[in-house]
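Subject: Structure handover

Hi,

Here is the structure I promised to pass on to you. Please open it next to this message, and you can follow my notes from the whole chain down to single residues.

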Amino acid sequence: MENTCSLTRDTDALITERRNSIITTGKTNTSISCTEDSLAGSVSQRACVFCGARVVLNPVTDAVHLVHGPIGCAAYTNDIRGSLSSGSEMYRKSFSTDMKEKDVIFGGEKKLAACIAELVETYHPPAIFVYSTCVAGMIGDDIVAVCNQASLAYGIDVIPVESSGFISGNKIVGYRAAGEALLRLITPKEGEVIEKTRKLNFLGEYNLGGEKWVVERYLREIGIGINVAFTGDSTVEALKKAPGSCLNLVQCTGSMHWLANVMQQEYGIPSIDVNFFGAENTAESLRKIAAFYDDPDISARTEALIEREMTAVRKVNEKYRQKLEGKRAAIYVGGAFKAFAIIRQLTELGIEIVLTGTQTGKKNEYERMGSLLNEGTVIIDDANPAEIEKFLIEQKVDVMAGGVKERFLAYKLGVGFIDHNHDRKDGLIGFEGAIRFTKEVYATTCSPVWKYVRNEYGETDR
């Protein structure tokens, strides 16, 4: 990827250390700096290690999720995802040891043990995830020992999640902590045998607004079943059957590649990357799955489904492309797999991508991203609000796709906005999700309200 930094002299003086994290495609051979800890003081859009672990594990519906730390950490993550459940709603409760000054001085292990005992007696959960926070880690509470003792005492999985924020300034470390906790949960106990099946696991799918159910319906139509999703709409019992799957689909690569690689080594389960955001991506993913099964009936049903659904998608896209062609877009999301999908969807609608970036992208992912974009596109790793604001204005962006932290910035600048974050309450996955996305892009990009906001800033040329 050929790039160059496009910061001005004024901003250079303020954030010199961010220089290599912001590039522009097509000018020099400079590669982007990424996967580093967030720069202190830059108010990163990226969340903390604890948040990374919590967003991956929290959709396990019937487990108790206990935050060992001050009450503020539990409040921040209450209902953090728009994940839906077809059964238990236990995951929507937010439990905390509510550490006080006395616990910080004398230690919180006894309080943690007492909380676990109370939760077991009250709710009888099949498993408890105990999340470490900055405070618990700083004072040296041994949550591993407390959890091991509780597992023996109560005969259930009480699993420590080593997610103290100070471990790293990168949320992806929290993904790894969650993966380690899941691996501990699914590892068969001594003498236990997991029966092999022809069903697949779906990793990195969190059932936001019921998205897992959409893909499950497609797979059922072509003759394939889901063994368990990691972790959307999952249960402890279903997750323990994961080693019996014949294939791992990996959608959110940032959160699940490590676990998929370990499962291939430990259980011989191969994996393929899929992406069900966008109609073309959905069709490609279904074909990859059908190819794995190498069954003529499955292949025929897959092609029939794709033909039927793509006809509906093309009809909608043709209608709205006429209204959206030539508009300019920005994308800032958590992981690269989602950025790839949005770039493709917006490009198909005739929209030019002028700014993009992620919180947790890797160097090879940024290289692929650069290959999808036109010369002159700004790419940012681990952005902060000041950088996003600067480039939204400078690049004259009409619409932005991002999460809750980017939403208000876009609105205040008179830029249309698409919520593509994990707290979204309705899904954007699959063919029907692609149609919903197109209609939302049109509604927000072409809304007449933005001209009044832009007029306040003296912008009249958009």
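Let me begin with the overall form. For 462 residues, a compact globule would be expected to have a radius of gyration near 23 Å, and the protein chain agrees, since its own value is 23 Å. Please keep in mind that this is a predicted model. The C-alpha trace spans about 70 × 60 × 40 Å along its principal axes. In secondary structure, the protein chain comes to 19 helices and 15 strands.

A few totals for the chain may help you get your bearings. Of the 462 residues, 56% are buried. If you take the contacts between residues at least 6 apart in sequence, 72% of them join residues at least 24 apart. The exposed surface of the protein chain is about 19500 Å², and carbon and sulfur atoms supply 51% of that area. As for charge, there are 53 positive and 61 negative charges, and their mean positions lie 4 Å apart.

Now to a sheet that I enjoyed looking at. In what order do the strands of the open four-stranded sheet run? The order is β4-β3-β5-β6, and the pairing is parallel. At the edges are β4 (95-96) and β6 (157-161), each of which pairs on one side only. As a reminder, strands of a sheet pair through backbone hydrogen bonds, either parallel or antiparallel.

Strand β5 is a good place to stop for a while. Five bridges join β3 (residues 64-68) to β5 (residues 127-132), and the two run parallel. Within that pairing, Val-64 has Ile-128 of β5 as its bridge partner, and His-65 stands opposite Phe-129. Strand β5 also pairs with β6, again in the parallel sense and over five bridges. There, Phe-129 has Ile-159 of β6 as its bridge partner.

Is β5 enclosed or open to the outside? Six of its six residues are buried, so β5 is largely enclosed by the rest of the structure. In a regular strand the side chains alternate between the two faces of the sheet. In β5, Ala-127, Phe-129 and Tyr-131 point one way, while Ile-128, Val-130 and Ser-132 point the other way, and all are buried.

Another parallel pair is worth a look further along the chain. Strand β11 (residues 328-333) is joined to β12 by six bridges, and the two run parallel. In this pair, Ala-329 stands opposite Ile-353 of β12. Strand β12 (residues 352-358) is mostly covered, with six of its seven residues buried.

Next, some backbone details you may want to check yourself. Most residues other than glycine have a negative phi, and most peptide bonds are trans. Against that background, here are three places to visit.

- The peptide bond from Phe-230 to Thr-231 is cis, with omega near 5°. Thr-231 belongs to strand β8 (residues 226-231).
- Asn-207 is not a glycine, yet its phi is positive, at about 55°. You will find Asn-207 in the loop between β7 (200-205) and α9 (211-222). Asn-207 is buried, with a relative accessible area of 0%.
- Asp-233 also has a positive phi, near 55°, in a residue other than glycine. Asp-233 sits in the loop between β8 and α10 (236-239). With a relative accessibility of 12%, Asp-233 counts as buried, because the cut-off for buried is under 20%.

Finally, have a look at Asn-281, which lies in helix α12 (residues 279-293). Which residues does Asn-281 touch, not counting those up to four places away in sequence? Asn-281 touches Asn-275, Ala-341 and Arg-344. Arg-344 is 63 residues away from Asn-281 along the chain, and their C-alpha atoms are separated by 8.6 Å. Asn-281 is buried too, with a relative accessible area of 10%.

That is what I have for now. If you have time for one stop, I would suggest β5, where six of six residues are buried and where Phe-129 stands opposite His-65 and has Ile-159 of β6 as a bridge partner.

Best wishes

Technical notes
Residues are numbered from 1 along each chain as its sequence is written. This is a predicted model: local features need pLDDT of at least 70, side-chain atom pairs count only at pLDDT 80 or more; totals for chains, interfaces and linings use all residues. Side-chain values use heavy atoms; hydrogens and water are left out. The radius of gyration is taken over C-alpha atoms; the globule rule is 2.2 Å times the number of residues to the power 0.38. Buried means under 20% relative accessible area, exposed over 50%, partly exposed in between (1.4 Å probe, protein chains only). Contact means heavy atoms within 4.5 Å. Accessible areas come from the Shrake-Rupley method with a 1.4 Å probe; for residues, only the protein chains shown count as cover. Lys and Arg count as positive and Asp and Glu as negative; His and the chain ends are not counted. The place of a charge is taken as NZ of Lys, CZ of Arg, CG of Asp or CD of Glu. Two strands pair if DSSP finds at least two bridges between them.
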